Amino acid sequence: MMLEAACGPGLVCGVDEAGRGPWAGPVSAAAVILDPGRVPAGLNDSKKLTAKARAALEIEIKSVAVAWCVGLASVEEIEELNILHAAGLAMCRAIEGLSVKPDMALVDGNYRFKLPCPIKTVVKGDSLSCSIAAASILAKEARDRIMVEMDAVHPGYGFAGHKGYHAAVHVEGLRRLGPSPIHRMSWAPVKLALSGELALGDLDALAADALDDDPRA
């Protein structure tokens, strides 16, 4: 909690998002205010944790945090705003949904989103700040649950397994079924599927585009 303490007196929330890179589904963000005296052991970047560890930590974070909230931005909002600003919108909703107002937010990354309180960006913050790590876990767990639910609503794409990211079963589903209502229609792989030009051989090239950033940029 050294970064949190360095922000001075007042409540500090950690903020992180999940789902900037997938080809389908919403982007989620979480805001978490931790009690310095009740920090869960084992907090880390959600991507470095096993599914079992994330699930256990999610329960503990929610039970001991001073406040927490998860915000979402829909596929329609991603299409309207672009993925970066949709992620910022989800962050705003997460902070606004906290039961107490934070004095400062530590935000993962280096982009200074316009949020409802002063912010400090932290590159690789989910590995450096307990609050940001906690937010990364809540954001990912919330989004993963949505994508598992969407797998039942829109079968054939394998959403429950890959959560909307690049995977062979996802490409095959797009080729066979076309895009679903939760696909990001302006994403490069989805546009290729719409035009009938998406081939399994495109998988590796498209994966590089889709991992972190909006391929339209």
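**Exercise 1. Pairing and order in the sheet**

How many bridges join E2 to E3, and do these strands run parallel or antiparallel? Work out from there the order of the whole sheet.

*Solution.* This is a predicted model, in which local features need pLDDT of at least 70 and side-chain atom pairs count only at pLDDT 80 or more, whereas totals for chains, interfaces and linings use all residues. Residues are numbered from 1 along each chain as its sequence is written, and side-chain values use heavy atoms, with hydrogens and water left out.

Step 1. E2 and E3 run antiparallel and are joined by 7 bridges; strands here are DSSP runs of E with at least two residues, helices are runs of H or I with at least four, and both are numbered from the N terminus. Two strands pair if DSSP finds at least two bridges between them.

Step 2. Within this pair, Ser28 stands opposite Leu72 in E3, and Ile33 stands opposite Ala67 in E3.

Step 3. E1 pairs with E2 in the antiparallel sense over 5 bridges, with Ala18 opposite Ser28 in E2. To E4, by contrast, E1 runs parallel, joined by 4 bridges, and Gly14 stands opposite Leu106 in E4.

Step 4. The result is an open sheet of 5 strands with mixed pairing, in the order E3-E2-E1-E4-E5. Its edge strands are E3 and strand E5 (119-122), each of which pairs on one side only. Neighbouring strands of this sheet are turned by 20 degrees against each other on average, direction ignored; axes are lines fitted to C-alpha atoms, for helices over the stretch in contact, and angles run from 0 to 180 degrees between N-to-C directions.

Step 5. H4 packs on the sheet, touching E1, E2, E3 and E4, and its direction makes about 145 degrees with that of E3. Helix H6 (residues 130-153) also packs on the sheet, touching E1, E2, E3, E4 and E5, with its direction at about 35 degrees to that of E1.

**Exercise 2. The faces of two strands**

Which side chains of E3 point to the buried face, and how many residues of E1 are buried?

*Solution.* Step 1. In a regular strand the side chains alternate between the two faces of the sheet. Along E3, Ala67, Cys69, Gly71 and Ala73 point to one face and are buried, while Trp68, Val70 and Leu72 point to the other and are not. Buried means under 20% relative accessible area, exposed over 50%, and partly exposed in between (1.4 Å probe, protein chains only).

Step 2. In E1, 7 of the 7 residues are buried, so this strand is largely enclosed by the rest of the structure. Both of its faces are covered, with Val12, Gly14, Asp16 and Ala18 on one side and Cys13, Val15 and Glu17 on the other.

**Exercise 3. The nonpolar cores**

Which residues touch the most other members of the largest nonpolar core, and which helix gives the most to this core?

*Solution.* Step 1. A nonpolar core is a set of buried Ala, Val, Leu, Ile, Met, Phe, Trp, Tyr and Cys residues joined through side-chain atoms within 4.5 Å. The largest has 36 residues, of which Cys13, Val15, Ile95, Ala105, Val107 and Leu115 touch the most other members.

Step 2. Among the elements that each supply at least two residues of this core are strand E1 (12-18), strand E4 (104-108), helix H4 (83-96) and helix H9 (188-195). H4 gives the most, with 8 residues.

Step 3. Val107, leaving aside its neighbours within four places in sequence, is in contact with Val15, Met91, Phe113, Leu115, Ile119, Lys120, Thr121, Val122 and Ile132; contact means heavy atoms within 4.5 Å. Apart from the largest core lies another, of 15 residues, among them Ala18, Leu57, Ile61 and Ala139.

**Exercise 4. Salt bridges**

How many salt bridges does the structure hold, and where do Glu58 and Lys62 lie?

*Solution.* Step 1. Side chains of opposite charge can pair when their charged atoms come close. A salt bridge is counted when a side-chain nitrogen of Lys or Arg is within 4 Å of a carboxyl oxygen of Asp or Glu, and the structure holds 8 of them.

Step 2. Glu58 forms a salt bridge with Lys62, the closest N and O atoms being 3.2 Å apart; both residues lie in helix H2, 4 residues apart, about one turn of the helix. Glu58 is buried at 6% relative accessible area, whereas Lys62 is partly exposed at 30%.

Step 3. Asp45 forms a salt bridge with Lys47, with 3.3 Å between the closest N and O atoms. Asp45 is buried, with a relative accessible area of 6%, while Lys47 counts as exposed at 64%.
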